[in-house]
Amino acid sequence: MLLVSLLLPEVGAALLFLLRPARAWVRNWLVMASALLTSACVAVCLLTPGDHQLTLLRLSSYLSVSFRLDGLGRVFAGLVAFLWPLASLYGIEYMRHEGGENHFFGFYLISYSVTLGIAFSEDLMSLYVFYELLTLATLPLVMHGMKAKAVHAGRTYVYFSLGGAALGFLALVTVIHYSGASNFTAGGIPQLASAPLNVLLMMYVLGFFGFGVKAAVFPFHHWLPKAGVAPTPVTALLHAVAVVKAGVFAVIRLTYSCFGADLLRGTWAHTLCLCVTLVSILFGSAMAVKEQHMKRRLAYSTMSNLSYVLFGALLLTADGLRGGLLHMCYHALMKIVLFCCVGAVMIYTGKTDIREMRGLGKRMPFTMALFLMCSAALVGVPPLIGFGSKWALATAGVASGNWLGVAGAAVLLISAVLTAIYVLVPALSAYALPLSAVAGLEERSYDPGLCMKIALSVVVFVILVLCFFSAPLSRFLGQVAAQLC
């Protein structure tokens, strides 16, 4: 079933490229069938006990492309499998305004397959292969339309991603050299304990920054706001699930399943990486306040929130990792709704400046209601889901016994205030302020069509459920974190 889950989107993409259906309903049914069947196969894998090990390709006695579904892989795969079909449904309506749907959805499905390959990877070698493939699969999506800005954004994205992967490759070579293998092991690969510590720490830092490029850690974040030029179904997944979460996932794998928390705890590498996450949180939040373009503001917000997850993971405690994983899931849900709402505003009203949201609640009641709710959740207003994950991160930071953990709790508070400024204030202005006289909007509804509404409603329904019934998810993530630590 792991292999079927990886192949189904590839088959759907191949049919789109070969048949190039001229009728929209044929293409739409093919895209949705591929996405839904893939998610159903992933669900079977997630709900079936066992690790489901599979070796796809053996290059040598210690190099292979292999799959195994452990607890951490289940978290990432489940998140991807839930959100991808909904983003595809949203994209069906959105891409009518962009064109080139066959080409777009072909690479969209390939990206789904590659992202699942990252989640299923059994070892660092396999993860690295799919990590590189994700850059190549998403590049045509970023450059869709081939306008000058899109081409420039694509070049920036690929330069940063391939450069980061090169640093990650050094960490991969180091792990294989000193351990003879790169299989993920809870608590870290035991053979690395006898390797020279300074070499390991240096290579870990390079790996952290290398895989952290996709997580937009400071100072390797420049590609993320530029990638906002892509169609919203792409940026919603880039900034909520696929690319950025793949970077976070890779860093967690490197930290807990390769080098190990015991080897890193209290070292200069640990301190340096924690400091970088705190700087990234503050920098991303501050830049989001300054930015006036809707999608770029949310991109800087993503940079900040990804470092929330990394902060929790780098506390190197079970509670910290649980808080990080909780925020990884919650942020994906909140941010995909925020991006999709902004995308609806942009294509149905032509507005791109955050200041042009004032009064839009009267013209887009459905869209702005969801935007307001998810904005409040992102700030951390109780009882919405953002409060739960931020509380878990802050309490884990204070309890860690590390002065950077306490500093991190303070940074989270400052970031929450900045978040309220850059996302909640514009959301409230849509209701509290009158529509601008020069807005040029007629007296009618500008809300999106049925496909967008269904996709957004499903995600918001899950968010509302998790606001009051998050204990099962929190317990499961706690078990995953305990196993890794």
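In this predicted model, helix α14 (residues 318–349) packs on helix α19 (residues 471–484) at an angle of about 130°, their axes lying 8 Å apart. That angle makes α14 oblique to α19, and the crossing of the two is right-handed. On the α14 side, the contact draws on A318, L321, R322, L325, L326, C329 and Y330. Helix α19 answers with L473, S474, L477, G478, V480, A481, A482 and L484. Sorted by type, the residues of this α14–α19 contact come out as twelve nonpolar, two polar and one charged. As for the spacing of such contacts along a helix, an α-helix has 3.6 residues a turn, so residues three or four places apart point the same way.

Next comes helix α7, which covers residues 197–212. Its 16 residues reach 22 Å from the first C-alpha to the last, close to the 22 Å expected at 1.5 Å a residue. Much of the interest here is in what is covered up: L200, L201, M203, Y204, V205, G207, F208, F209, G210, F211 and G212 are buried in α7. As for what they lean on, the buried residues of α7 pack against α5 (124–142), α6 (148–179), α10 (242–259), α11 (261–264), α12 (268–290) and α13 (294–314).

One of those partners, α10, can be looked at in more detail. The axes of α7 and α10 come within 8 Å and cross at roughly 160°. With angles over 145 degrees counted as roughly antiparallel, α7 and α10 therefore fall into that class. The crossing of α7 past α10 is right-handed. From α7, the contact takes in L200, M203, Y204, G207, F208, F211 and G212, while α10 brings G247, A250, V251, L254, T255 and F259. The tally for the α7–α10 contact is nine nonpolar, four polar and no charged residues.

Helix α9 (residues 232–240) is a mostly covered element, with nine of its nine residues buried. Spelled out, the buried residues of α9 are T232, P233, V234, T235, A236, L237, L238, H239 and A240. Helix α3 (residues 71–94) packs with α9 at an angle of about 160°, and the axes of the pair sit 9 Å apart. That puts α3 roughly antiparallel to α9, and α3 passes α9 in a right-handed crossing. Here W84, A87, Y90, G91 and Y94 of α3 meet T232, P233 and L237 of α9. Broken down by type, the α3–α9 contact has six nonpolar, two polar and no charged residues.

Finally, a single residue: G408, found in helix α17 (residues 403–432). G408 counts as buried because its relative accessibility is 0%, and the cut-off for that label is under 20%. Leaving aside residues up to four places away in sequence, G408 touches L278 and F311. L278 falls within the span of α12 (268–290) and F311 within that of α13 (294–314). Along the chain, G408 and A396 are twelve residues apart, and in space their C-alpha atoms are 9.8 Å apart.

Note on methods:
Residues numbered from 1 in each chain as written. Predicted model: local features only at pLDDT ≥ 70, side-chain atom pairs only at ≥ 80, totals over all residues. Heavy atoms only, no water. Axes fitted to C-alpha atoms, helices over the stretch in contact; angles between N-to-C directions. Helix = DSSP H or I, 4+ residues; strand = E, 2+ residues; numbered from the N terminus. Parallel < 35°, antiparallel > 145°, perpendicular 65-115°, else oblique. Left-handed = near helix turned anticlockwise from the far one by under 90°. Contact = heavy atoms within 4.5 Å. Nonpolar A, V, L, I, M, F, W, Y, C, P; charged D, E, K, R; others polar. Expected span 1.5 Å × (residues − 1). Buried < 20%, exposed > 50% of the residue type's maximum accessible area, 1.4 Å probe, protein only.
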